[in-house]
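Colleague: Hey, got a minute to walk me through this one?
Modeller: Sure, pull it up and we'll start with a term.

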Amino acid sequence: MALGFPTGGDGGDIIPIIKFDARAGRMFRRDRINGENEQIDITQDFKAIFDFENVETGTINFNTGSAPDFAVARYGDRIPPKPSDDHKPGVRLLVKLGKDSGGDVRELASTARVFLTGIDNLHNAYLDGVKANHGKLPIVSLTSCLPITTGEGARKSTNYSPVFNVVGWADRPADLTYIPRAKAGDGAAQGAAPSAPPATGSTRVSAPSASSDDFG
Amino acid sequence: MNPFEAHGIEHLSPSSCNLFTAAPAMFVMQKCLKKSSSVGPAAHRGTSVETGIVHGLMNPSASQSECADKALDQFRTLTSMSGDPRVDKEINALPDMVRIGLAELRPYGIPSSTQGRIELQVEGLDVPLMGFYDFEWEQSGVLIDLKTTHALPSQISQQHARQVALYAAARGNNISPRITYVTGKKCATYQLENVADHVAALSRIAMTIQKFLAISSDPMELASLVVPDTSTFYFSDPVSRQSAFEIWGI
């Protein structure tokens, strides 16, 4: 496991997010439109430059009732202690979306085990590939999702592990800038096990956009 | 003989599970005692609007009026023997619902399938869970169920969540389940969340039905275990109301 998933402290500015829904196997971009969160499904078109040079690992608590609490550190730095039992091993990094996925810089964070499996495999591929692409960042696509079934009987559930693929390498975009943060902003509420009746969904979505590879 | 066979039930559906939770006496009346109930104009509205929208989605060049006519024709046929005064209200809303629904769904393109039959086997349940989804766009991995209503909800209802979660679970990997609510003035498409949890809830309801049916193979004995609330819309049509009186004496 290349990322190891220990911990480190942080915080910072509000950065818009993308979110991988492990229960549905879908990638969403969360936009704030007219004061409301709107989730745009970008699974089909997903392509992004991943800033693995500054990926952060540690523990994250998405279940705070407000903004998530990150105790993460840049990969390779000393990881801070786990603040509470509600903090789960997780990962956070910035990505630069391809034009058809939105084209801007987003935060991607999760504690979902199936997501961590996928991101860890991708990080391994990055570590292998960066030797021949020094100073560059990987262009990543979401190839598919693998169903992972756990539990038995009434507790049986299926989640989806993303299968990412490095499809190319790019210079760091000018707007993909890593700034260590003391506190995260609007985080991605991914992977937390429900302790209350499950929400049904109130996020309005629209039709997926057409695909292309242009990063502009 | 399993409990379902004893009562001539070959499968369960999200609607029958939802019926059991909302009105168990009506479930016994319909599914065990085989007393039929008439469907109100609101249900026909949903069927008819869907017909118009399916026509418009499968035929991108079809005009809105052509699609509305499809819906109106079907609604008139379905309600041709209805004396329900709500028919007029429903028929007036149909063209706008079709127009608004098409504006919402045509951007998805032509569906790869409509009215797709799905079936899910639940461990320990003696019959399958079965249902039909409205639209799937396999190319973009989206599945949508259409709901017509006169008041736009701000979120997906629990009943609809269980229904569409079943479709999503049966379709498997990588489907994005959504529900489009259409009124005569506006519409909204919501992303279904927590699919596995809602499927688990549906499975628990189905297992409860199985346990209930296992109490007796005599439907009247099952009827004696529940009492209808005849003030609810489930018993609003005269035939159902009379049946309830004959069965339960209230």
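Modeller: Two residues are in contact if their C-beta atoms, placed from the backbone, lie within 7 Å. This is a predicted model, where local features need pLDDT of at least 70, side-chain atom pairs count only at pLDDT 80 or more, and totals for chains, interfaces and linings use all residues. Residues are numbered from 1 along each chain as its sequence is written, and chains are lettered from A and ligands numbered from 1 in the order in which they are written.

Colleague: OK, so what is Lys136(A) in contact with, leaving aside its neighbours within four places in sequence?
Modeller: Trp169(A), Ala170(A) and Asp171(A).

Colleague: Is Lys136(A) buried or exposed?
Modeller: Lys136(A) is partly exposed, because 16 C-beta neighbours sit inside 10 Å. Buried takes 20 or more other C-beta atoms within 10 Å, exposed means 12 or fewer, and partly exposed is in between, with C-beta atoms placed from the backbone.

Colleague: And how far is the C-alpha atom of Lys136(A) from that of Asp51(A)?
Modeller: They're separated by 9.4 Å, with the two residues 85 apart along the chain.

Colleague: New topic: how many residues of chain A are in contact with chain B?
Modeller: 27 residues of chain A, and they meet 30 residues of chain B.

Colleague: How does the chain A side divide into nonpolar, polar and charged?
Modeller: There are 11 nonpolar, 12 polar and 4 charged residues. Ala, Val, Leu, Ile, Met, Phe, Trp, Tyr, Cys and Pro count as nonpolar, Asp, Glu, Lys and Arg as charged, and the others, Gly among them, as polar.
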